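Trainee: Could you walk me through this one, starting with the ligands and then moving on to the helices?
Mentor: Gladly, let's look at it together.

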Amino acid sequence: MKKIQISIFVFAALFVLFYGCGGDKPEMFKPGVIAENEFDPEVWGKIFPLQYESWLKTKEPKPAGLSLYRKGWDDDKIIYDKLSEMPYLALLFNGWGFGIEYNEPRGHYYAVIDQIEIDPSRTKPGGVCLACKSPMHKTLTEQKGMSYLTASFKDALNMMPEKIRNLGPACIDCHKPSDMGLKINKAHLEKGLKLIGKEDFTRQEQRMLACAQCHITYFVPRDKDKKVAGDVMLPWSGAKWGDISIEGIIKDLLSDFQRLEWKQAVTGFDMPFIRHPEFEMFTRGSVHFRAGLACPDCHMPYRRSGSYKISTHDVTSPVKQNFVACAQCHTESADWLKKQLFTTQEKTASLLNRAGYANARVAKFFELLHGHQLKGIRFDEDLYKKAKESYMQSMLRLNFVSAENSMGFHNPMECSRILGDSIAFANKAEMLLRQNLVKSGVAVPEKINLEIGKYIKNRGIHKRNFEASQEFKDPFGTEENFTPRETRGL
Ligand code: HEC
Ligand code: HEC
Ligand code: HEC
Ligand code: HEC
């Protein structure tokens, strides 16, 4: 589509967004009725029944079979397992909760409920886990500090009034009760924005921040024994609005031991971890960010409800809403948009395979080398150090893209760039490791068996297993050249 044409559509769409279509009127605000600290959405719902009803729909499963890669909480009722989708992650995350149970997201209604239901290894840090889930997190952190943050997950929940104990993202997280304007309810984001020197926000930026409260990466600071040492923090030092790069995030995360949250079992390395970086990925120069879009433009499209026009509060994949959000600007058919989206996602999935298995191989070469070390063989320290540095760079880039929830769509070029670099760093690490082994007289196998079956079967209290039908296979079959089936150990 020609730029000028789409500019007109964007302008027209924004005009419609702000001023409403002829005939539709935006819902009027009735001020002063909701108390300043009202957490219970049901109370807000008495005044805004349409948004409340729509928000409640995040509880309902979405139609299955529409999305190619973002399955989860669809009406097939299957809980999709990220470790079956990306089996190399079962090997790489082995050593802590994410290697035991790591599921695709459900709707907002389940944010806390899913934490209660998941393998308890995932909520071991305690109260701090509620940072991106419960609307009460900020208040309880202010009132009780470390005794809440380090309380067991169950004890932390019990500090809340029963009615809102299981409550996920709620009205009070995003809205000021006084005038329904947008606000944020997360101290970690306030601090993160200070860190990047961002103080003033346009309306579109505020709409984005509503989601950036949780759809960002953070770390749980740890002491020397990996015990929780404070509330979650953002690894954004040195970044700027619109330019929170993976390079900067890695630099921040590797800057001190407090950020090393877990020990990778296969290599024995202490590592940082990256979680759902949708905001960082989207805002780093994507076409849609540059065009002035915010998350709600695609995930909370306006819709008519009787004579009112409201923002859909049932946030989910735009694919599961038949691309209505996209039609605000794009004149192409839903079918065309779907093809574009799926093509982008398939390319990302292919590169993810490449980066994932390359990292898994490096981890296994470290395991091999460490095994020989235990038997008393000595290795070149400089080569070892360089291999480890390269591997960290590779691993965190893979972690970034595999944790981002759009399978490339939010920023296709940036995803490809990051995965390309991950593959290059992994190959460098493998080369250095092979060289090191040979130098010490160890016979190096041409192929190394990844033994993924060992890591992926019979996981945790739910005895999760590999589900072959869920695997994100390389759509182009290229991975077979690098990781032949028989070397996966699956
Ligand atoms: C308070 C934290 C929080 C806020 C704020 C938040 N989210 Fe989420 N979001 C989550 C969590 C947690 C999940 C996963 C819930 C689960 O799996 O139990 C999730 C899931 C989702 C999903 C997947 C839903 C599905 O049907 O699979 C989408 C899409 C999403 N969020 C988009 C958004 C958008 C857009 C915004 C801003 C308007 C937003 N979120 C604001 C925490 C939040
Ligand atoms: C231009 C439209 C667009 C914008 C803007 C956008 N997204 Fe998305 N988002 C998508 C599409 C398309 C998908 C992939 C859905 C699929 O494959 O089913 C997606 C996927 C997601 C998912 C996973 C959904 C699921 O069902 O698991 C989350 C979470 C998400 N986006 C959050 C965000 C956040 C947060 C922002 C803002 C920082 C944002 N999105 C901006 C279009 C958009
Ligand atoms: C994750 C953030 C988030 C949550 C949770 C949330 N909203 Fe919203 N809401 C938004 C955003 C973003 C808009 C669009 C605001 C804008 O464009 O200025 C919005 C708009 C609104 C509006 C203005 C009219 C409209 O529909 O655009 C009302 C009223 C509203 N929300 C009520 C509620 C109520 C009631 C709840 C709880 C049941 C709720 N919201 C929960 C983010 C949220
Ligand atoms: C508020 C307006 C708006 C919405 C909503 C919107 N887009 Fe776009 N989209 C744009 C603009 C502007 C461009 C840039 C067009 C250009 O460069 O000519 C664009 C570009 C694209 C491109 C080409 C991307 C590229 O990398 O060159 C695709 C594909 C696309 N959009 C798909 C979608 C899908 C799918 C959705 C819904 C999930 C969506 N868009 C929602 C305005 C929008």
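Trainee: Which element gives the most to the shell around ligand 2?
Mentor: Keep in mind that this is a predicted model. Around ligand 2 there are 26 residues, with Ser67, Arg70, Cys295, Cys298 and Ser317 the closest. Two or more residues of that shell come from each of α12, α14 (278–283) and α16 (295–299). The element that gives the most, with four residues, is α16.

Trainee: And how many residues of the shell around ligand 2 are charged?
Mentor: Sort the shell by class. There are 13 nonpolar and 10 polar residues around ligand 2. That leaves the charged class, which numbers three.

Trainee: Let's turn to ligand 3. Which strand supplies at least two residues of its shell?
Mentor: The shell around ligand 3 has 23 residues, and those that come nearest are Gln51, Cys171, Cys174, Ile310 and Ser311. Helices that each supply at least two residues are α2 (41–47), α3 (49–56), α10 (171–174) and α12 (203–212). By class, this shell has 15 nonpolar, five polar and three charged residues. The strand that supplies at least two is β5 (308–311).

Trainee: Now the helices. Within what arc do the buried residues of α13 fall?
Mentor: Start with the buried residues of α13 (246–253), which are Ile246, Ile249, Ile250, Asp252 and Leu253. Seen down the helix axis, they line one face of α13, because they fall within an arc of 160 degrees. Their cover includes α18 (381–403) and α19 (412–439). So the arc to remember for α13 is 160 degrees.

Trainee: Which residues of α7 are buried, and within what arc do they fall?
Mentor: In α7 (137–144), the buried residues are His137, Lys138 and Thr141. What covers them includes α8 (146–149) and α11 (187–195). Viewed down the axis of α7, they line one face of the helix, since they fall within an arc of 100 degrees.

Trainee: What comes just after α7, and what phi does it take?
Mentor: Look at the residue that follows the helix. It is glycine 145, with a positive phi of about 55 degrees.

Trainee: Finally, which helix provides the largest share of the largest nonpolar core?
Mentor: That core has 105 residues, and Leu91, Val362 and Leu433 touch the most other members. Leaving aside residues up to four places away in sequence, Leu91 touches Val266, Ala360, Ala363, Leu450, Ile452 and Tyr455. The largest share of the core, 13 residues, comes from helix α17 (334–374).

How values were computed
Residues are numbered from 1 along each chain as its sequence is written. Chains are lettered from A and ligands numbered from 1 in the order in which they are written. This is a predicted model: local features need pLDDT of at least 70, side-chain atom pairs count only at pLDDT 80 or more; totals for chains, interfaces and linings use all residues. A residue is near a molecule or strand if its C-beta atom, placed from the backbone, lies within 6 Å of it. Ala, Val, Leu, Ile, Met, Phe, Trp, Tyr, Cys and Pro count as nonpolar, Asp, Glu, Lys and Arg as charged, and the others, Gly among them, as polar. A residue is buried if 20 or more other C-beta atoms lie within 10 Å of its own, exposed if 12 or fewer, and partly exposed in between; C-beta atoms are placed from the backbone. The arc is that of the directions from the helix axis to the C-beta atoms. Two residues are in contact if their C-beta atoms, placed from the backbone, lie within 7 Å. A nonpolar core is a set of buried Ala, Val, Leu, Ile, Met, Phe, Trp, Tyr and Cys residues joined through C-beta atoms within 7 Å.
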